[in-house]
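Here is a quick tour for anyone meeting this protein fold for the first time. Have the picture open and follow along.

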Amino acid sequence: MAAATRLFSERGYDRTSVQEIVEAAGVTKGALYHYFGSKDDLLHEIYGRLLRLQQDRLDAYADEERPVEDRLRHAAADVVVTTIDNLDDARIFFRSMHQLSPEKQKAVRAERRRYHERFRDLVAEGQRGGVFNPATPPDLVVDYHFGSVHHLSTWYRPDGKLTPQEVADHLADLLLRALRP
């Protein structure tokens, strides 16, 4: 997985052969195909790995017994940190999703939609409770925040001025300021 992720990120999914992956990983094609039926399955697992991590963390924050503003802030910051911590995965996600088979694209979209809906539910909960301004539809709030998250792979640099947590805190604060009544 690590070798494929690095190569897909550096070269692109379509410009990386299975032979290059197995050579970089130091395994045989047979070993690769023991775990993954195809290169498409490997790409799908890269998506799934990041989505599962982020969904599990969002579910944990959303289920906490804390004020909705705290839960949303933690969730908003966490998706930034986990994206930066897995920047190659995120880069591959947005460059190569269209190269998945149609059934796998559908599955990934469903998983992403589940994540966005859970995040949206936190926004809606805060709006219903008067904590957040109800003027902006929750779906638009989700698109606003995730638009910035999805572009991290194009501009964030590990050797830049801000740490992942500092970027996360700034983006979460921007979101919450936009939602305040």
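Let's start with the rings: there are six aromatic pairs in total, in what is a predicted model. One of the pairs is formed by Phe 93 and Phe 94, edge-to-face, with 4.8 Å between the centres and 65° between the planes. Another edge-to-face pair is made by Trp 155 and Tyr 156, whose ring centres sit 6.1 Å apart with the planes at 70°. Pairs can also join up: Tyr 47, Phe 93 and Phe 94 are linked by ring pairs into a cluster.

How well hidden are the residues of those two pairs? The table gives the relative accessibility of each one.

| Residue | Relative accessibility | Class |
|---|---|---|
| Phe 93 | 5% | buried |
| Phe 94 | 36% | partly exposed |
| Trp 155 | 45% | partly exposed |
| Tyr 156 | 4% | buried |

So Phe 93 is buried because its value, 5%, falls under the 20% cut-off, while Phe 94 at 36% counts as partly exposed.

**Helix H6**

Phe 93 brings us to helix H6, since Phe 93 is one of the buried residues there. The helix runs over residues 87-96, and seven of its 10 residues are buried, so the rest of the structure largely encloses it. Besides Phe 93, the buried set takes in Leu 87, Asp 89, Ala 90, Arg 91, Ile 92 and Ser 96. What do they pack against? The partners of these buried residues are helix H1 (2-11), H4, H5, H7 and H9.

Arg 91 deserves a second look. This H6 residue has a relative accessibility of 16%, so it counts as buried. Its side chain makes a polar contact of 2.9 Å with the side chain of Asp 88. Leaving out residues up to four places away in sequence, Arg 91 also touches Ser 9 and Ser 153.

**Around H4 and H5**

Next come two buried residues on other helices. Leu 50, in helix H4, has a relative accessible area of 7% and is buried. Beyond its neighbours within four places in sequence, Leu 50 is in contact with Thr 82, Asn 86, Asp 89 and Ala 90. Asp 89 and Ala 90 belong to the buried residues of H6. For a sense of scale, the C-alpha atoms of Leu 50 and Val 131 are 30 Å apart, with their positions 81 residues apart along the chain.

Thr 83 sits in helix H5, which covers residues 68-85. Is Thr 83 buried or exposed? With 6% relative accessibility, it counts as buried. A polar atom of the Thr 83 side chain lies 2.6 Å from the backbone oxygen of Val 79. Setting aside neighbours within four places in sequence, Thr 83 has contacts with Gln 54, Ala 90, Val 149 and Leu 152. Ala 90 thus appears in the contacts of Thr 83 and in those of Leu 50.

**The nonpolar cores**

Now for the inside. The largest nonpolar core holds 31 residues, and Leu 72, Val 80 and Phe 119 have the most contacts within it. Two or more residues come from each of helix H4 (39-62), H5, helix H7 (102-128), helix H8 (138-150) and helix H10 (164-179). Which element gives the most? That is H5, with nine residues. In general, nonpolar side chains tend to be buried together in soluble globular proteins.

Phe 119 has a long list of partners: beyond four places in sequence, it is in contact with Leu 58, Leu 72, Ala 75, Ala 76, Val 142, His 145, Phe 146 and Leu 175. Apart from this core lies another one, with 19 residues, including Leu 7, Phe 8, Ile 21 and Leu 100.

**Helix H8**

Three partners of Phe 119, namely Val 142, His 145 and Phe 146, are on the list of buried residues in H8, together with Val 141 and Val 149. These buried residues cover an arc of only 115° around the axis, so they lie on the same side of H8. Why can residues spaced along a helix line up like that? An α-helix has 3.6 residues a turn, so residues three or four places apart point the same way. The buried residues of H8 pack against H5, H7, helix H9 (152-155) and H10.

The length of H8 checks out too: at 1.5 Å a residue its 13 residues should span 18 Å, and its end C-alpha atoms are 18 Å apart, which agrees.

**A last stop on H7**

Glu 117 lies in helix H7 and, at 32% relative accessibility, counts as partly exposed. Glu 117 and Pro 138 are 21 residues apart in sequence, with their C-alpha atoms 9.4 Å apart in space.

Terms used:
Residues numbered from 1 in each chain as written. Predicted model: local features only at pLDDT ≥ 70, side-chain atom pairs only at ≥ 80, totals over all residues. Heavy atoms only, no water. Helix = DSSP H or I, 4+ residues; strand = E, 2+ residues; numbered from the N terminus. Buried < 20%, exposed > 50% of the residue type's maximum accessible area, 1.4 Å probe, protein only. Polar contact = N/O pair within 3.5 Å; in protein donor to acceptor, adjacent residues only side chain to side chain. Contact = heavy atoms within 4.5 Å. Core = buried A, V, L, I, M, F, W, Y, C linked by side-chain atoms within 4.5 Å. Expected span 1.5 Å × (residues − 1). Arc of directions from axis to C-beta. Phe/Tyr/Trp six-rings, centres within 6.5 Å; stacked < 30°, edge-to-face > 60°.
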